[in-house]
Structure formats: C-alpha cells, structure tokens
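Work through the following exercises with the sequence and the model at hand, and try each task before reading its solution.

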Amino acid sequence: MDRWTLIKELRSPPIAFLLATVIAVMTYAMIPRKGNVALMLSITAFCIVLWISTPIKPAYTGLIGIGLIAVVFSTNRALIGFQKPATWLIGFGLLMGEATRRSGLANWAGTRITAHTTSESASGQTERTYLRLLVALSIGGHALAFLIPSSLVRVLIIAPILTEIGEIFDDREARVGLFLGPAFATFYGSSGVLTADLPNIMITGFGSSIANHHISWTEWLFHMYPLMGLTRVVVVCGVVYYLFRPDPTSNVDLPKLSQGDAASTERRMFVFLLLGSGIWATDFFHGFHPVVGAVTVVMLAFLPGIGVADFQRVGDTDFSILFFIGAVFAIGDGLAHTGFTDDAANYLLKLIPTDASLAIIFAVVFGITFLLTFLMEGLAVASVLTPILIPYAENAGLPLTPVLMSEALALSSYFFPYQSAVLVMILAEGTADTREVIRTTVACSIASILVLLPLQFAFFTLLY
C-alpha cells in the first residue's frame, strides 16, 4: 500500500472517527482531573483530528463540536461563538460576495484586470498568462493591506473577483492558483503592516495599555515590512506557482476585453464597497468593529430600489461554514474558561531562556505562540497570551518591541484552516477544497519559517 492510499484510508469516515475517538479518550486519560480541563481538551482533540483528516465537511465537524460542548458543559458555552463579531463578519461577508457577483461587478472588474494584464496573444500562452495574472492580482491584493485593516475583510472583497477571473481558464489548477495566490498574499503579507491585520492591532494595543509601550505605524513598517511584507508576498507567489500550474495544452478563454464603463448596478455595488472600505479604513476615528462596515454594505446591496440583489434569494448562499467558525470560538472560549490557556501560557513562558541570545528568545516566543494556535484561533491566542507575555518580558529586561513582533509573526503562520478565521473564509468560498488550502498553507508557512524567520530574527538582533 503506497502512502497516498494509506492517507486515503485514514481519511475514510469509519477510520477517521475511530482515530478521533481514541485520541480524545487518550487525551482525557492523560490529563489530571482538574475541573473540566480534561473534558474540554478531549473535545478539542476530537474536533482537531476530524478537521485535519476531513472525513466530513469541516462545518459538520463544527456542528458536532458545538453539540458535545452543549452536552458536557452548557448551551451558553456551546453557542458563545455566535456572539462573536468575527463570526458574523464572515456571515455578512458571504452576502457581500454574493451581491458583488450578482451585480456583475466581479465580472466587470475581472475583465478590466485581465485586459490590463494580458495581451491579444494570451490565449496561446497559457502558462505565461497565468503567471502574469497571478503576480498582478497578488500585488493588488497585498496593496489593499495598506487601506483595509483586516485580512478577513480584504479576502471578502477580492474573493468573487478572483473566482470570476479564474473562469477564463479551463484548467482547475489555474483557477485554484489564481484564487489562493492573491488571497494568501493579502493574508501572509499583512504581518508587515501594523494596521493590516487584527492580531497586530490587538498586540500593540495591549502593549500600549499594559506597559505604556507604543509602537508607531512607521516603526512597525521599518521592522517588519521588508521581509514579512513584500518578500513574503514574493514567497507566496512562488509557492502557489509551484503547487498550481495550468497544463500548457489547456485553453485560456479570454472574455471581450472591453474598456467600457460599468453598468448602473455595477457602479452602485462599487460605491457600496467603497463606503464599507471607508468605514473600515477610519476605524481609528470611530472605533467601530469591521462588522459594522460589512452590515452597511449588505443593507445597501439588498435594499429594494437601490440595491443590486434580491434579499429573498440569500438562501442560495451556503452559511454552513458559520458552524465551523462558531465551534472554533467555542473551543477557544472553553479552554480559556477552564483555565487551561492561562496555565499553558505561564508554563510555556517559563521555557524562555532569558540568558540566551536575543535571536533564541525571539524564536522561543514565536514557538510558544505557534503551539497555542493549534488549540485556539489566532485572535484568541493574542487575547490570552499577550497580557501574560508583556509583564514577563518587562521583568526579564527583554526589548518589548521585537518580542511583540515575534508573537505577531506566529499569528500569521498557520498550518490548518481551523486556526484562523481568514483561512476559514478562504475555504468557505468553495473555489479550493480543504486539502488544497491545507497544502498551500503548510507550504507558505514552512517557507516563511525556514527562510524568512531566521533573517527577521537576525535583523531584530542587529537593531537591539
């Protein structure tokens, strides 16, 4: 039996569920009976095994997880994920994508981008056309990081456009690559810009409130952008091009590359998106959560008379992914409620060798944060670990700026979709399946950790 056949057997529902059950029971047996920690960890282990092996849809595993938490703990604890704004940001984001597609804006934008990126001979140059589009779209997706303060929101905006552009290729590999490349570029490159991702903002906010330690936008850009912004986007493009390339004999069906103006519905949808982007980009002034911008766009897009879509047809949108993200948040909250996350963070922080070189210390901080992301969604890790990490670093006399940045780096280096709401949203679009998303995520993270991370820590050491 070869490796792929064995993996396929392990992913079959009977074996995967048996394996998940065995690991859950072993987890419960090995954890000391301290309150409900063992029960929560066993449920976590059960869900993680199913999310990784994917014998069933991740959303259905989330539904099972929610049910287990409700039975073992309480319905309030099980449903707490649906009280999180990020959960509903994904829900409203699905509606934004649907409205963008129905309005024709995604098709129009795709046509315009294709017109400015390809030539008339593109239909006979499949690989070259694919590479040019991949690079151009990835740069465009990354550029949005300077305008919109959330990777999740940026993915919501560009996803329907990427899907539309991908349709010009009859090769599925090309369609997946053109979707994942720009989406991962705007996600992975966000660690280089302070306002580009919510964990960055949360971490620096804790630094300011707890230690009165302020990190400016330009200071973050100077420290992080050369390697973890621009260079990381180049790495993402290289990884995606290596993993997903069209067959040279496949066809490119270029649409009529009209330079005409957008139609009325397309212009209105564009204005709605601009309004939402304006709300997101000015959050430093009004303090609204990004979900407010998403709600505004959805209300206008489906408003009778001026909207671009019929609200009665939203049933066409697949909202099952909300069970996935709801379970992820419920598990994270449950682990925090039982005290496991505080105990784990304090235990792991004791492993930091404060007498070692700064590069080693930064690497250990990265590793601790990275380990916690396997149990909790990234924002939950930031909210739990940062308030403990800051006083620890201060007492040990460590430079706080690179320590906090090392934590932020780990919160943009994931392996599996359940670790980040952004990856959940990418998976929810349905263009790439779970295996393809995991393969790309693992490859991008490994490349970043092995190639870019040592250079980043060396740069920190030179500065401090």
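**Exercise 1.** How many aromatic pairs does the count come to?

*Solution.* The model is predicted, local features need pLDDT of at least 70, side-chain atom pairs count only at pLDDT 80 or more, and totals for chains, interfaces and linings use all residues. Residues are numbered from 1 along each chain as its sequence is written, and side-chain values use heavy atoms, with hydrogens and water left out. Rings of Phe, Tyr and Trp (its six-membered ring) pair if their centres lie within 6.5 Å, and planes under 30 degrees apart count as stacked, over 60 as edge-to-face and the rest as tilted. By this rule the count is 22 aromatic pairs.

**Exercise 2.** Describe the pair of Phe362 and Phe460, and place both residues in the fold.

*Solution.* The centres of Phe362 and Phe460 are 5.7 Å apart with 85 degrees between the planes, an edge-to-face pair. Phe362 belongs to helix α18 (residues 358–372) and Phe460 to helix α22 (residues 434–463), so the pair ties together parts 98 residues apart in sequence; helices are DSSP runs (H or I, at least four residues), numbered from the N terminus. Phe362 is buried (under 20% relative accessible area, 1.4 Å probe, protein chains only; exposed is over 50%, partly exposed in between), at 0%, and Phe460 is likewise buried, at 0%.

**Exercise 3.** Which geometry do the rings of Phe457 and Phe460 have?

*Solution.* With centres 6.4 Å apart and planes at 40 degrees, the pair is tilted. Both residues lie in helix α22, 3 residues apart, about one turn of the helix. Phe457 is buried at 6% relative accessibility.

Terms used. Helices (H or I, at least four residues) and strands (E, at least two) are DSSP runs, numbered from the N terminus.
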